Amino acid sequence: MGNWIINNGLTAFILVVWMGINTFLFVWFYLFYDLGPRFFYTRHLLGSALAWARAPAAVLNFNCLLILLPVCRNLLSLIRGSFVCCGRTMRKQLDNNLSFHKLVAYMIALMTAVHMIAHLLNVEWYNNSRQGVYDALSTALSNLEDTGNTTYLNPIRITDLDPQQIPTYFAFTTIAGLTGVIITLALILIITSSMEVIRRSYFEVFWYTHHLFIIFFAGLVFHGAGRIVRSQTTTDPPHNFTFCKDRVEDWGRIPQCPVPQFAGGFPQTWMWVIGPMVLYLCERLLRFIRYVQTVRYRRIVMRPSKVLELQLQKNGFKMEVGQYVFLNCPVISQLEWHPFTMTSAPEEDFFSVHIRSAGDWTDKLIDIMQKLPEGAQGPKMGVDGPFGTASEDVFDYEVAMLVGAGIGVTPFASILKSIWYKFKESNPKLRTRKIYFYWLCRETHAFEWFADLLQVLESEMEERGMGDFLTYKLYLTRWDQSMADHAKVHSDKDTDMVTGLRQKTYYGRPAWDKEFEQVRKENPTSVVGTFLCGPEALAEVLLKKCAKYSDVDPRKTKFYFNKENF
């Protein structure tokens, strides 16, 4: 439990607080509408469906306030920068922004379903009351007119239609009904297109439908303006419902029972969401400003395994290790922005990204670049960023374990390059004294574009007598017996047959228990930062290993898990 708390304690606390606020809002507003005297007559028409409609609405307001904040990337980078003086555990929470965004979205979906079902029942009961299906009190309340001395309770005012068609007519002709339909349809499209299978195979579908959030929030702001949930207002003399509910025929005839008056509640949703909407508008404005800034191509290189390297320059651009940028190529799409981790070091006068063929957008970009004449400038490129990630904190640890899978090695290319520059400049601020680097690849060609950097680092460490600073292991996860036999034949050579490095390539996957045990043994009193840029399945494995091999004793080894999230 102690090991789990080290890596997940603050995250769990934040989730408990979030869930506690949701629960409080639901219970508070449920009781407010289920017991409040102002809603006595409303409850008579609708029953408990009134509270079941309004309590989820309160939870929806709170979560719609939160949903945009985790995707305000510039805001998160600003907060991350202001947390430099705080503990790494606090900054680490910002790396879970997309997970929290999804969690809030699930809550919105759940509460929308409850809210919608309750209101469908409400409309049916409003209609039945209007038709005189229920008791005399329900009929009298529904027949109250909107004249000079009274206000209605039942929002269904039409009576000259087929009773079966009235609910549909109400849903598509009132502000609350029409915006509710639009909001629900937009939310269904957003959620279904966000499924991982859609996001990975048809990213453009995900990207475009996700922008229906604009319609969602516009409908949300106007949804409450219909004021269909109405409560009793104070009259002079007051209408005592406990005395008058059984004397419908005396309403307006005796002083104790004036005709009851009702009013819709003031719309509140806009007050919850206006702040995040303004923040997000500023975010998009800043993105547009960055988009129009000139980006120059320094170099365009096609690497093995259909990996494109772009070296770019932009005035005033400053980065840290492990950060990422969003790229937009108007020739391919005016609206699509895709995240790429930078592989350059902050010490270089340019920033670079490595782009693997992984979909329509990347395929089109690679095809455009391959057709360019030698030395030509590429198409216009918009750059938004840089944005901070977990890898920014790598130099805060004495010991770091870097795990990259496939193209997921890119943030660690930036880190290793920066280390090389720091050694070259004899930077005294470098706290890190040991790095373990693991790279898992399916194809031998994928190692080629990164091997030259490792070769330079190998030579640099040897010259400075720091050969133990960097321990790296390369794993080929997809191979056949002929490759393994070929490796055995050449096993006596000084360099590896796949990469040309002194470190030999391993065939298969790492034995993580063995690796963590070795790191713990070699660093018995250190705080070890474990950084991953790779698939979720590998993240779950490493998270468990960090918990397993961390020691509760503060004087012994602890492993802190960090994962790149885009």
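## A guided tour, starting at Lys545

Select Lys545 to begin; you will find this residue in helix 20, which spans residues 536–549. Keep in mind as you go that this is a predicted model. Is Lys545 buried or exposed? Lys545 counts as buried, because its relative accessibility is 16% and the limit for buried is under 20%. Now show what surrounds Lys545: setting aside neighbours within four places in sequence, Lys545 is in contact with Trp512, Asp513 and Phe516.

**Zoom out to the whole chain**

Colour the model by secondary structure, and you can look for 20 helices and 14 strands. The chain has 566 residues, and 48% of them are buried. Take the contacts in the chain with a separation of 6 or more: 74% of these are between residues 24 or more positions apart.

**Stop at the disulfide**

Next, select Cys244 and Cys257, and show their side chains. A disulfide is a covalent bond between the sulfur atoms of two cysteines. The structure holds one disulfide, and here it is: Cys244 is joined to Cys257, with 2.0 Å from S to S. Turn the view to look along the S-S bond; the angle about this bond is -95°, and the link is left-handed. The pair links distant parts of the chain, 13 residues apart, with Cys244 in helix 13 (residues 241–244) and Cys257 in the loop between helix 13 and strand 2 (262–264). Both ends are out of reach of the surface probe: Cys244 is buried, at a relative accessible area of 0%, and Cys257 is buried as well, with a relative accessibility of 0%.

For a contrast, select Cys282. Which cysteine sulfur is nearest to Cys282? The sulfur of Cys72 is, at 9.0 Å away, and Cys282 is in no disulfide. A pair counts as a disulfide when the sulfur atoms are within 2.5 Å, so a gap of 9.0 Å leaves Cys282 out. Cys282 is partly exposed, with a relative accessible area of 44%. Cys329 is another cysteine to click on; Cys329 counts as buried, at 0% relative accessibility.

**Move to His239 and Tyr41**

Now select His239, in the loop between strand 1 (230–232) and helix 13. His239 is buried, with a relative accessible area of 7%. Which side chain does His239 meet in a polar contact of 2.8 Å? The partner is the side chain of Tyr41. Beyond its neighbours within four places in sequence, His239 is also in contact with both disulfide cysteines, Cys244 and Cys257, and with others including Trp251, Gln256 and Pro258.

Shift the selection to Tyr41 itself. Not counting residues up to four places away in sequence, Tyr41 touches a group of residues, among them Leu137, Leu141, Leu153, Phe241, Trp251 and Phe262. Tyr41 also belongs to the largest nonpolar core, which has 52 residues; Tyr41, Ile108, Leu141, Phe216, Phe217 and Trp251 are the members that touch the most other members. Highlight helix 3 (residues 49–67) too, since the largest share of this core, nine residues, comes from there. Apart from this core lies another one, of 32 residues; select Val321, Phe437, Phe450 and Cys533, which are among them.

**Look into the empty spaces**

Turn on a surface view and find the second largest pocket, which holds about 1,200 Å³ of space. To centre on it, select Arg54, His115, His119, His223 and Ile228, the closest to its centre of the 47 lining residues. Several elements give two or more residues to the lining of this pocket, including helix 1 (2–35), helix 6 (97–130), helix 12 (213–223) and helix 14 (269–292).

How many cavities of 30 Å³ or more does the structure hold? There is one. The largest cavity contains about 140 Å³ of space. Of its 15 lining residues, Leu94, Asp95, Asn97, Tyr324 and Gly388 lie nearest its centre, so to speak your handles for finding it. Helix 4 (residues 73–82) gives the largest share of that lining, four residues.

**Finish at Asn315**

For the last stop, select Asn315, in the loop between strand 4 (307–313) and strand 5 (324–328). Asn315 is exposed, with a relative accessible area of 63%. Show the side chain of Arg296 as well: a polar contact of 3.5 Å joins the side chains of Asn315 and Arg296. Finally, select the C-alpha atoms of Asn315 and Phe350; these residues are 35 apart along the chain, and their C-alpha atoms are separated by 9.9 Å.

Definitions and conventions. Residues are numbered from 1 along each chain as its sequence is written. This is a predicted model: local features need pLDDT of at least 70, side-chain atom pairs count only at pLDDT 80 or more; totals for chains, interfaces and linings use all residues. Side-chain values use heavy atoms; hydrogens and water are left out. Buried means under 20% relative accessible area, exposed over 50%, partly exposed in between (1.4 Å probe, protein chains only). A polar contact is a pair of N or O atoms within 3.5 Å; within protein, one must be able to donate a hydrogen and the other to accept it, and residues adjacent in sequence count only if both atoms are side-chain atoms. Contact means heavy atoms within 4.5 Å. A nonpolar core is a set of buried Ala, Val, Leu, Ile, Met, Phe, Trp, Tyr and Cys residues joined through side-chain atoms within 4.5 Å. On a 1 Å grid over the protein atoms alone, a cavity is a set of points where a 1.4 Å probe fits but cannot get out, and a pocket is an open set with protein on both sides within 12 Å along at least five of seven lines; lining residues have an atom within 4 Å of a point. Grid points are joined across faces, edges and corners, and a volume is the space filled by probe spheres set on the points.
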